[in-house]
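Please look over the model shown below and keep it in view while reading. The paragraphs that follow lead through it step by step.

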Amino acid sequence: MTSARRPLPVPDALSAPFWEAAARHVLTLSRCSDCGTLTHPPNVACDACGSTDPRFTAAPVDGRGVVRSWTVIRQSFLPGFADLLPYVLVDVELAEQPDVRLVGRLLDGPDAPLKTGSPVRVAFEDLADGVAVPAFTLAEAS
Amino acid sequence: MSARFRARDRVAIVGYAQSPVVRHADRSLGALTLDTARAAVADAGLTPDQIDGFVTGTLLPTAGEHAVVDGVSVVSADWLAARLNPHPRYAAGFSGLGQIPGLMAMAVNAVASGAAEHVLVHRALHNPAGSYHGTSAGEFRGGLQWTAPQGFFGPLAMMGLTYNEYVQRYGASREALAEVVVEARKNGARLPWSHWSGRPLSAEQYLAEPMLADPIGRLDCDIPVDGAAAFVLTTAERARDLPHRPVHVSGYASGAPPRRRLPAHWPLDDIMAAGATTADRLWAAAGMGLDEIDLVQVYDGFSPLVFLWLEALGRCPVGEGHHYVRDGRIDSDRPGADPVLLSGGSLGNGRMHGVPQLLECYLQVSGRAGARQRSGIATALSCHSSPHLGGALVYSAEPGTSPVHESRV
């Protein structure tokens with residue numbers, strides 16, 4: 001049985017800069033041009049200052065953070081993941097701005113030693129030509 | 001200080017019906033719901049032409065790609081009204097999470113304002129053929145573009161992350177969740193309408209189940225079902241002339257808009273922060289606190305939500321829900337215990353989305369619980385969904401005083 005392709009993100013006006021940078025393996029967060037606060041994902045208004053014209057810019061961040069939680073996925077509801085089971089999802093608080101949380105796969109495998117606060121850094125999985133999605137790997141404590 | 005909730009105990013539940021809860025009904029959800037609604041109207045001592053308001057919530061809680069078809073996979077207020085009383089004064093649907101507190105709030109407000117005199121509320125749940133949450137989608141737009149391509153998808157992963165955060169922080173054991181699931185299934189096994197009727201579960205069976213999204217296993221999730229329930233609401237004054245002892249709605253509260261997150265991302269601190277305000281608003285609306293409530297029925301669509309609701313309501317300190325349920329302290333058969341899953345919940349009925357909790361409160365306060373009837377239940381509280389996105393209701397056997405007269409005092 002050939003495994004299906006993993007689903008791809010479809011960029012829109014707000015998300016296109018994020019996916020363009022991700023394709024180059026650069027993690028960006030959306031910075032509000034009015035108040036400078038980072039957010040993810042971007043929204044039509046800024047959550048921090050309420051600006052209805054936030055003119056978000058895709059600000060590169062170094063992608064370091066700590067694990068707040070994790071789960072081991074043993075049954076997939078998506079195409080393209082069957083061969084990857086079991087896999088770990090991590091809930092990551094980014095060092096750049098701790099109230100920003102990202103969820104992605106931990107690429108170290110299901111037996112990686114994890115605890116609350118484990119340091120991680122962003123990694124990218126290439127899914128198709130010009131399409132990469134963020135994931136994480138365990139990092140040395142800084 | 002905010003103003004008094006003027007509808008407090010002014011609107012009453014006066015009748016109900018509950019369909020059999022089955023994996024796949026042998027008839028359409030619309031037919032099942034229509035029969036259930038007719039039974040509820042008759043139970044209230046009314047006729048369909050007297051039902052001038054219809055309220056529901058139609059969420060089909062699947063992450064999969066099932067078509068939403070009115071009368072087949074959902075049943076809207078309009079669909080039901082067209083077949084019971086095609087000229088209602090009010091028909092509306094609640095569109096958020098926490099459908100039971102949300103739709104009950106709309107129904108109470110409709111009666112209290114005079115928008116309708118007799119409101120039928122219903123909730124119809126469908127289990128579509130095929131995988132409930134599975135999808136073959138090759139691309140994702142909108143919010144899910146940020147999660148699904150990365151492998152974060154569906155409510156199991158959601159609850160796995162939330163509950164592991166709880167386990168890591170507070171040291172909750174699998175045995176604590178076993179107490180929850182076994183208690184729900186024990187109570188559900190006693191209900192003639194339940195999918196799990198006659199089928200209790202042992203802790204050993206629970207603990208033998210494999211994980212699906214650690215630390216969440218299959219039996220921590222309610223099972224998808226076909227089922228419908230309906231309730232009739234009217235004014236406290238009108239309720240006095242109807243056959244059953246009325247159960248008044250003292251107050252309702254839904255979660256505050258919580259912090260915006262990725263889809264299906266429920267960080268524990270978000271749940272508890274917004275949950276605290278949900279509880280505060282509930283006590284303010286109901287005009288009573290937890291110590292004045294005789295029966296609390298918590299929501300358990302995922303078993304860990306029992307801990308989170310116990311903590312959000314203040315039944316125990318934050319982080320101690322997993323201790324609270326141990327050693328038979330929620331055992332409905334133990335005198336003096338706190339039977340928070342007396343309804344069987346979702347784990348003991350099937351995925352009826354907050355209906356069992358509402359139904360048990362109604363039956364116990366109205367004295368209609370039959371062999372399960374407990375003495376001295378004059379007030380009750382039911383929860384639905386999570387403390388941050390769902391909500392809760394408080395009920396009372398006693399009618400409220402007239403707000404018109406009160407304002408003149």
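Leaving aside its neighbours within four places in sequence, which residues is B:Leu233 in contact with? The model in front of you is a predicted one, and in it B:Leu233 is in contact with B:Val11, B:Ala12, B:Ile13, B:Ala107, B:Val108, B:Val111, B:Val119 and B:Val121, once the neighbours within four places in sequence are set aside. One of these partners, B:Ala107, shares a particular role with B:Leu233, for these two residues touch the most other members of the largest nonpolar core, which has 165 residues. Helix H3 of chain B, covering residues 99–113, gives the largest share of this core, namely nine residues. Chain A takes part as well: its domain 1 (11–60) and its domain 2 (62–142) both give residues to the core, so the core lies between them.

Let us now turn to chain A as a whole. Its secondary structure comes to one helix and nine strands, and along the sequence these follow the pattern β-α-β-β-β-β-β-β-β-β. The radius of gyration of chain A is 16 Å, close to the 14 Å that the globule rule gives for 142 residues, so chain A is as compact as a globular protein of that length. Along its principal axes, the C-alpha trace of this chain spans about 50 × 35 × 25 Å. Of the 142 residues, 38% count as buried, and among the contacts in chain A with a separation of 6 or more, 52% are accounted for by residues 24 or more positions apart.

The domain assignment gives chain A two parts, domain 1 (11–60) and domain 2 (62–142), whose C-alpha centres lie 21 Å apart. The contact between them takes eight residues from domain 1 and twelve residues from domain 2. On the side of domain 1 that touches domain 2, helix H1 (16–23) and strand S3 (38–39) of chain A each supply at least two residues, and the residues of that side divide into five nonpolar, three polar and no charged.

Several strands of chain A can be followed as they pair with one another. Strand S5 (residues 64–73) and strand S8 (residues 119–128) of chain A pair in the antiparallel sense over three bridges, and A:Val66 stands opposite A:Pro119 in S8(A). S8(A) is also joined by eight bridges to strand S9 (residues 131–138) of chain A, and these two strands again run antiparallel; here A:Asp126 has A:Ala132 in S9(A) as its bridge partner. S8(A) and S9(A) form a hairpin with two residues between them, and in the turn A:Gly130 has a positive phi of about 75 degrees.

The next step is to see how the two chains meet. In this model, 36 residues of chain B are in contact with 35 residues of chain A. On the side of chain B that touches chain A, strand S5 (139–140), helix H4 (154–170) and strand S6 (211–213) of chain B each supply at least two residues, with H4(B) giving the largest share, seven residues. By class, this side of chain B has 15 nonpolar, 15 polar and six charged residues. Strand pairing also crosses from one chain to the other, for two bridges join strand S1 (residues 8–9) of chain A to S5(B), and these strands run parallel. A:Leu8 stands opposite B:Glu139 in S5(B).

Finally, consider two places within chain B. Ten of the ten residues of helix H9 (residues 304–313) of chain B are buried, so this helix is largely enclosed by the rest of the structure. Among these buried residues are B:Phe307, B:Trp309 and B:Glu311. What covers the buried residues of H9(B) includes H4, helix H5 (174–189), helix H8 (268–286), strand S10 (295–297), helix H10 (321–324) and strand S11 (379–384) of chain B. Just after H9(B), B:Gly314 takes a positive phi of about 90 degrees.

The second place is a loop, the one between helix H2 (77–84) and strand S3 (90–94) of chain B, where B:Asn85 is found. Is B:Asn85 buried or exposed? B:Asn85 is buried, with 21 other C-beta atoms within 10 Å, and the cut-off for counting a residue as buried is 20 or more. Leaving aside its neighbours within four places in sequence, B:Asn85 is in contact with B:Pro48, B:Asp49, B:Ile51 and B:Asp52. B:Asn85 and B:Pro48 are 37 residues apart in sequence, and in space they are 6.0 Å apart, C-alpha to C-alpha.

Note on methods: Residues are numbered from 1 along each chain as its sequence is written. Chains are lettered from A and ligands numbered from 1 in the order in which they are written. This is a predicted model: local features need pLDDT of at least 70, side-chain atom pairs count only at pLDDT 80 or more; totals for chains, interfaces and linings use all residues. Helices (H or I, at least four residues) and strands (E, at least two) are DSSP runs, numbered from the N terminus. The radius of gyration is taken over C-alpha atoms; the globule rule is 2.2 Å times the number of residues to the power 0.38. A residue is buried if 20 or more other C-beta atoms lie within 10 Å of its own, exposed if 12 or fewer, and partly exposed in between; C-beta atoms are placed from the backbone. Two residues are in contact if their C-beta atoms, placed from the backbone, lie within 7 Å. A nonpolar core is a set of buried Ala, Val, Leu, Ile, Met, Phe, Trp, Tyr and Cys residues joined through C-beta atoms within 7 Å. Domain bounds come from an automatic or database domain assignment. Ala, Val, Leu, Ile, Met, Phe, Trp, Tyr, Cys and Pro count as nonpolar, Asp, Glu, Lys and Arg as charged, and the others, Gly among them, as polar. Two strands pair if DSSP finds at least two bridges between them.
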